[in-house]
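Open the model in your viewer and keep the selection box handy. We will go from stop to stop, and at each one you will hear what to select and what is there.

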Amino acid sequence: MTRGKSHHYAVTVTWTGNLGEGTASYRAYSRNHEIAIAGKPALAGSADTTFRGDGDRHNPEDLLVAALSACHMLSYLHLCAISSIVVLEYRDAASGTMLTTADGGGRFTEVVLRPEVAIAAGGDAALAERLHHRAHELCFIASSVSFPVRCEPEIRGGEA
């Protein structure tokens, strides 16, 4: 196997939830934080509401599912472009399942991607569906997690 090019990503996460007492107790602080990436709009983050977070902010669990979904989509769109499949619409209703443990930890047990893809008339719908498998193999994020990522695509359009 040849060694690929190294890519680096820098993110700054700053806790903004000190309500005056710091972490003096479990209920004394907010889980709010800011996720900053140079040159990009900041993301308002918090914990999931189950863990005393602000439901109006992004939480790490949602962002993980979103990263898997977006990475798969970008890999898929690339494969379609080089395979003469014209994608007209793409929407993924992805979901993830996380299991917490008695000691306060936890882990994701799976993520399911459900891309709904519309392709142009004359496109090969069977190929469009098969390309999801290859997109999964190429997805950087899916290749980096230790839990199953399943893909249940639906293709509309194609041969006419």
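Start on the surface by selecting Y26, F51 and M98, which form a nonpolar patch with about 280 Å² of accessible area together. Keep in mind as you look that this is a predicted model. To place Y26, show the loop between β1 (12-15) and β2 (33-36), where this residue lies.

**The sheet β5-β6-β8**

Next, select β5, β6 and β8, an open sheet of three strands in that order, with mixed pairing. Which strands stand at its edges? They are β5 (95-100) and β8 (149-151), each pairing on one side only. Looking across the sheet, you will find neighbouring strands turned by 15° against each other on average, direction ignored.

Now zoom in on β5 and β6 (residues 106-113). These two strands run antiparallel and are joined by six bridges. For a landmark, pick L99 and look opposite, to R107 in β6.

**Helix α1 and a buried histidine**

Add helix α1 (residues 60-82) to the view. The helix lies across β5, β6 and β8, and runs at about 35° to β6. Within α1, select H72. Is this side chain buried or exposed? H72 has a relative accessibility of 1%, so it counts as buried. Show its surroundings and you will see that H72 touches Y90, L113, H132, A135, H136, C139 and C151, leaving aside residues up to four places away in sequence.

**The sheet β4-β7-β9**

Select β4, β7 and β9 for another open sheet of three strands, in that order and again with mixed pairing. Here β4 and β9 are the edge strands with a single partner each, so one side of each has no neighbour in the sheet. From one strand to the next, the twist averages 15°.

Focus on β4 with β7 (residues 115-119): they pair in the antiparallel sense over five bridges. Click on D92 and you can find P115 of β7 standing opposite. Bring α1 back into view, since this helix packs on the sheet too, touching β4, β7 and β9, and its direction makes about 160° with that of β4. Then add helix α2 (residues 125-138), which also lies across β4, β7 and β9 and runs at about 155° to β9.

**Salt bridges**

Finish with the charged side chains. Side chains of opposite charge can pair when their charged atoms come close. How many salt bridges does a search of the whole structure find? The search finds six.

- Select R156 and E89, whose side chains meet in a salt bridge (3.3 Å, N to O). R156 lies in strand β9 (residues 154-157) and E89 in strand β4 (residues 87-92), so this pair ties together parts that are 67 residues apart in sequence. R156 is partly exposed, with a relative accessible area of 33%, and E89 is partly exposed at 48%.
- Select D54 and R57 for another salt bridge between side chains (3.8 Å, N to O). D54 is partly exposed at 28% relative accessible area, and R57 is partly exposed at 25%.
- Select E152 and R150, a salt bridge whose closest N and O atoms are 2.6 Å apart. E152 is partly exposed, with a relative accessible area of 36%, and R150 counts as partly exposed at 36%.

For the last view, add E110 and R114 to that final pair: E110, R114, R150 and E152 are linked in a network of salt bridges.

Technical notes: Residues numbered from 1 in each chain as written. Predicted model: local features only at pLDDT ≥ 70, side-chain atom pairs only at ≥ 80, totals over all residues. Heavy atoms only, no water. Pairing = 2+ DSSP bridges. Helix = DSSP H or I, 4+ residues; strand = E, 2+ residues; numbered from the N terminus. Axes fitted to C-alpha atoms, helices over the stretch in contact; angles between N-to-C directions. Contact = heavy atoms within 4.5 Å. Patch = residues over 30% accessible without salt bridge, like charges linked within 9 Å, V, L, I, M, F, W, Y side chains within 5 Å. Areas by Shrake-Rupley, 256 points an atom, 1.4 Å probe, with all protein chains shown as cover. Salt bridge = Lys/Arg side-chain N within 4 Å of Asp/Glu carboxyl O. Buried < 20%, exposed > 50% of the residue type's maximum accessible area, 1.4 Å probe, protein only.
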